[in-house]
Each structure stands twice: as C-alpha cells, then as structure tokens.
Amino acid sequence: QPKELSHYFWQAWLMGLQEEREKQKETLEKILSLDRENVYACKELIALYVMQEDFEALHALSASYENSRLSALFSEYEVEQPVVKLQTDALRQGDVLIITAAEGLNIYYTLDGTSPITNGTLYYAPIYLESGNYTVQATACNEQGYYSPVVSDEVAGEVAYQLGMPQVTPNSGEYLSPQTIYV
C-alpha cells in the first residue's frame, strides 16, 4: 500500500536499520510533505540532520516550523548567531573585523565565502584586514557541538589612506643662502 502513510513509516525505519541515510531522509521528508505536523517524522529528521552534522538543513527545517506547534522540537538545537562588525564603514588596510557571540559559544569564520561549519577557523581575536574583497561567513557553536545559522557579510575595499597636506620647510620667501627644502 505505497500511498498509505504507514508504508512510509516502515520504509523510513528500514532505511535507518540499513544505514541508508539519504533514502531515510527522503522518506521522512515525504512523510512531512503528506502530514506536516507529524511529530515522529520531524523528530527523526532532526536526529538524522544532527547525526550527519547538517546544521544548514536543520536550520532550514526549523525555520519552516517557526510558527508551528512543532517548533519546540528545535529548542535544544538553537544557538544564537554571532554578530560581524567592521570597525569602520569603509575598509582601509589594517582595519579590524570583530565577531562577537553570546558567552560560552565558540565562533568559527571564513573570509572566502566557504562554510564556517566545515572550513572555519576558530575566532579568538580581532581580524586585521588588508585591502580586497571578502565574503565573511561566521557561525557560533555551543558545548554540545550544535551550530547557529551562518551569518554572511560582504566586505570590499581598496587601500585608502587619508593623508593631510604635506608639510614643507622652510616657508616660501627670499633667502640669502641656499636652503634645503624638506617635504
């Protein structure tokens, strides 16, 4: 009876036993497409995402249940996003990129747009930037190893120096002896 919901429950269970995670995931997603408020399928899909450390999929699923009675199923996995802040509005060589997060969370970041969950560097101090284009990606991780949604920010700039007027000595005028001019 492939159109019966119970068929999909058995299929998901068997796929789990056989460790066919992709087929299990597809079956659980099928159950949720037929019965969006199915607690069993939602819990199993959450557990599967956590086991595979697919936090991006977990956050997408969580967002789809934001105003649902099932939103409480995600509370254990919610981690506050970090905040990315450039010291100034326009990037100048040597400017500082600061990333902050709630106390007790580790921050991982990348500057090339890749995933900070898989490719991130542990943030421990402000980052001094050279001129160029950066796609900053950052995430926070709690003690259980659960990651926040990824924060992304584009930072672009050229080396920009703000120089004052040059100082010239001696002052202009008439002199009786040769003068050395300093700029």
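The largest pocket of this predicted model holds about 190 Å³ of space. Its lining comprises Leu-58, His-59, Ser-62, Ala-63, Glu-66, Phe-74, Tyr-77, Glu-78 and Pro-149. By class, 5 of these lining residues are nonpolar, 2 are polar and 2 are charged. Rolling a probe the size of a water molecule over the atoms shows where empty space is left.

Helix α4 spans residues 55–64. Its buried residues are Phe-55, Ala-57, Leu-58, His-59 and Leu-61. These buried residues pack against two other helices, α3 (39–51) and α5 (116–119). Leu-58 and His-59 are buried residues of α4, and both also line the largest pocket.

His-59 has a further role in the packing around Ser-148, as one of the residues that Ser-148 touches. Ser-148 lies in the loop between β6 and β7 (151–157). Ser-148 has a relative accessible area of 0%, so this serine counts as buried, the cut-off being under 20%. Leaving aside residues up to four places away in sequence, Ser-148 touches His-59, Val-79, Glu-80, Gln-81, Pro-82, Thr-139 and Ala-140. Pro-149, for its part, belongs to the pocket lining.

Ala-140 links this loop environment to the strand pairing. This alanine touches Ser-148 and is the bridge partner, in β6, of Ile-107. Strand β3 (residues 106–110) and strand β6 (residues 132–141) run antiparallel and are joined by 5 bridges. β3 also pairs with strand β4 (residues 121–122), again in the antiparallel sense, over 2 bridges. Here Tyr-109 stands opposite Thr-121 of β4. β3 thus has pairing with β6 and with β4. In a regular strand the side chains alternate between the two faces of the sheet.

Across the whole chain, 5 helices and 7 strands are found. Their order from the N terminus is α-α-α-α-β-β-β-α-β-β-β-β. Of the 183 residues, 33% count as buried. The exposed surface of the chain amounts to about 12000 Å², and carbon and sulfur atoms supply 50% of this area. Among contacts between residues at least 6 apart in sequence, 52% join residues at least 24 apart.

How values were computed:
Residues are numbered from 1 along each chain as its sequence is written. This is a predicted model: local features need pLDDT of at least 70, side-chain atom pairs count only at pLDDT 80 or more; totals for chains, interfaces and linings use all residues. Side-chain values use heavy atoms; hydrogens and water are left out. Helices (H or I, at least four residues) and strands (E, at least two) are DSSP runs, numbered from the N terminus. Buried means under 20% relative accessible area, exposed over 50%, partly exposed in between (1.4 Å probe, protein chains only). Contact means heavy atoms within 4.5 Å. Accessible areas come from the Shrake-Rupley method with a 1.4 Å probe; for residues, only the protein chains shown count as cover. On a 1 Å grid over the protein atoms alone, a cavity is a set of points where a 1.4 Å probe fits but cannot get out, and a pocket is an open set with protein on both sides within 12 Å along at least five of seven lines; lining residues have an atom within 4 Å of a point. Grid points are joined across faces, edges and corners, and a volume is the space filled by probe spheres set on the points. Ala, Val, Leu, Ile, Met, Phe, Trp, Tyr, Cys and Pro count as nonpolar, Asp, Glu, Lys and Arg as charged, and the others, Gly among them, as polar. Two strands pair if DSSP finds at least two bridges between them.
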